[in-house]
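Please open the structure in your viewer and keep the selection tool at hand. The tour below proceeds from one selection to the next and states what is to be found at each stop.

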Amino acid sequence: MKHLLDQGYGGKLKLIYIDPPFFTKASYDAVLKVGGENIKHPAYDDKWQRGLYWYLRELTARLIIMKELLADDGLIWLHLDWHAVHYAKIIMDEIFGESRFVNEIIWTYKSGGSSKKRFARKHDNILVYSKTGTYDLQPLEEKSYNRQFKPYRFKGVKEYKDDVGWYTMVNMKDVWTIDMVGRTSAERTGYATQKPELLIERIVDCCTSEGDICADFFCGSGTLPAVAARRGRRFIGCDVGSLAVESTVARLSNQKSGFRVFGTQAGHEAGVSASLEAEFKIDYDDILSSDKRLLKIELLSAREKRLSSAIDEKSKDTIRKSAKADPLAVVEAWSVDYDYDGQVHRPTAVFLRNRGRIESACEKIVDGRDRVVHIKVVDIMGNVTYYEGGKQNG
Ligand SMILES: C[S@@+](CC[C@H](N)C(=O)[O-])C[C@H]1O[C@@H](n2cnc3c(N)ncnc32)[C@H](O)[C@@H]1O
């Protein structure tokens, strides 16, 4: 966010939506597929050894910068639940001003457990604030069923009928009933705490127009970037976890949205070293009566050098077994920059695992001069390894 401010993005973001850790004191997994089987991998922690005060301190520091980035006519949506939302409301009042409060959206759903000791906790809270009090918000509409589902026939009131009965369209209320992303849902990425696209679509639709910039600084599996891109909005997504970043990249690539990835240390999470050992075949064929050459690259194999101690034994076994059966089983994606400038990986060929399969070779006609081929390989756990001319780099 500091970088965005330095780049002149202050006051440019029309929508900021954040869904940060909720102070649940739990750890979250992602369910990943390898060789057709599911394994569990840690995605992120919501544990705060120093307690609520430190959680709120971290959140507050970030909200203050977000206010600077928010457009004068923009809205910020802070998604939390009962664990911290009441403290956050007071903080938002302090940062944005009590009078800038717009809504508290209650998102209610059915999934999850319950307890005999209390009523089932089945909602999240989304606090909505404006920066200046003047903002764009197009209230959406929803169905309101008539009493006994019969027509009223009031003058000037439009009524409609569906399988349930007669209804009118009214301004949408602040309680939204939307199912969580189900186990079998097509939009499911496997990332724990992934939010439904329908929820994010409502948010994007009601307060932004095509071309506006939408940002999510805790983007997880990339729900906001994916929705914003499909709706013709510009977007910024950001996350500390490499699994989150790679999930977002895969999601945007699958829906063929354009984007660029910026990272500290060429996409590495600080302190996480490469763990993948990949083997390539890189060949040049001369092209008759031309000074051009055919550059051919094949990804032969990729092996995990060590598996994180955070992965359970059963999942480790599944990974090892799959890797034996298929030398590319742990590769989630790979990409090639045919002419590396020594600084930024700018791939022109990108391959993603799709329905369990991944391309293993590519070729390109290139001119005769010397060049450095730069290859990025992402494993199923989101670990990124770079290879320069076939050798590991960083
Ligand atoms: C509740 S999840 C977001 C899920 C997301 N809305 C989705 O639909 O997939 C919270 C995310 O915040 C990220 N996170 C935690 N601390 C962070 C920080 N300081 N900066 C950026 N991201 C952070 C976690 O890695 C996690 O992906």
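This is a predicted model. Begin by selecting residues 213-216, which form strand β11, together with residues 234-237, which form strand β12. These two strands pair in the parallel sense, over 4 bridges. Within the pair, C214 of β11 has F235 of β12 opposite. Now add residues 223-230, helix α5, through which the chain passes on the way from β11 to β12. This β-α-β crossover is right-handed.

Next, select two helices: α2, residues 52-69, and α3, residues 85-96. Two packed helices are described by the angle between their axes and the distance between the axes. Here the axes come within 10 Å and cross at roughly 35°, and the crossing is right-handed. To display the contact, show the side chains of L52, L56, L59, T60, L63, I64 and K67 in α2, and those of Y87, A88, I91, M92, I95 and F96 in α3. What is the character of the residues in this contact of α2 with α3? They comprise 11 nonpolar, 1 polar and 1 charged.

The following stop concerns aromatic rings. In the whole structure, a search finds 15 aromatic pairs. Select F101 and Y129: their ring centres are 5.6 Å apart and their planes stand at 75°, so the pair is edge-to-face, an angle over 60 degrees being the criterion. F101 belongs to strand β5 (residues 101-108) and Y129 to strand β6 (residues 123-130). The pair thus links distant parts of the chain, 28 residues apart.

Turn now to an open sheet of 3 strands, in the order β13-β14-β17, with antiparallel pairing. Its edge strands are β13 (276-286) and β17 (361-366), each of which pairs on one side only. From one strand to the next, the twist averages 20°. Select β14, residues 293-304: this strand and β17 pair in the antiparallel sense over 6 bridges. I297 stands opposite C362 in β17.

For the last stop, select another open sheet of 3 strands, ordered β7-β9-β8 and antiparallel in pairing. Which strands form the edges of this sheet? They are β7 (141-145) and β8 (160-161), and each pairs on one side only. Add β9, residues 166-171, which pairs with β7 in the antiparallel sense over 5 bridges. Finally, show E142 and V170: E142 stands opposite V170, which lies in β9.

Terms used
Residues numbered from 1 in each chain as written. Predicted model: local features only at pLDDT ≥ 70, side-chain atom pairs only at ≥ 80, totals over all residues. Heavy atoms only, no water. Pairing = 2+ DSSP bridges. Right-handed = clockwise from strand over helix to strand, strands pointing away. Axes fitted to C-alpha atoms, helices over the stretch in contact; angles between N-to-C directions. Left-handed = near helix turned anticlockwise from the far one by under 90°. Contact = heavy atoms within 4.5 Å. Nonpolar A, V, L, I, M, F, W, Y, C, P; charged D, E, K, R; others polar. Phe/Tyr/Trp six-rings, centres within 6.5 Å; stacked < 30°, edge-to-face > 60°.
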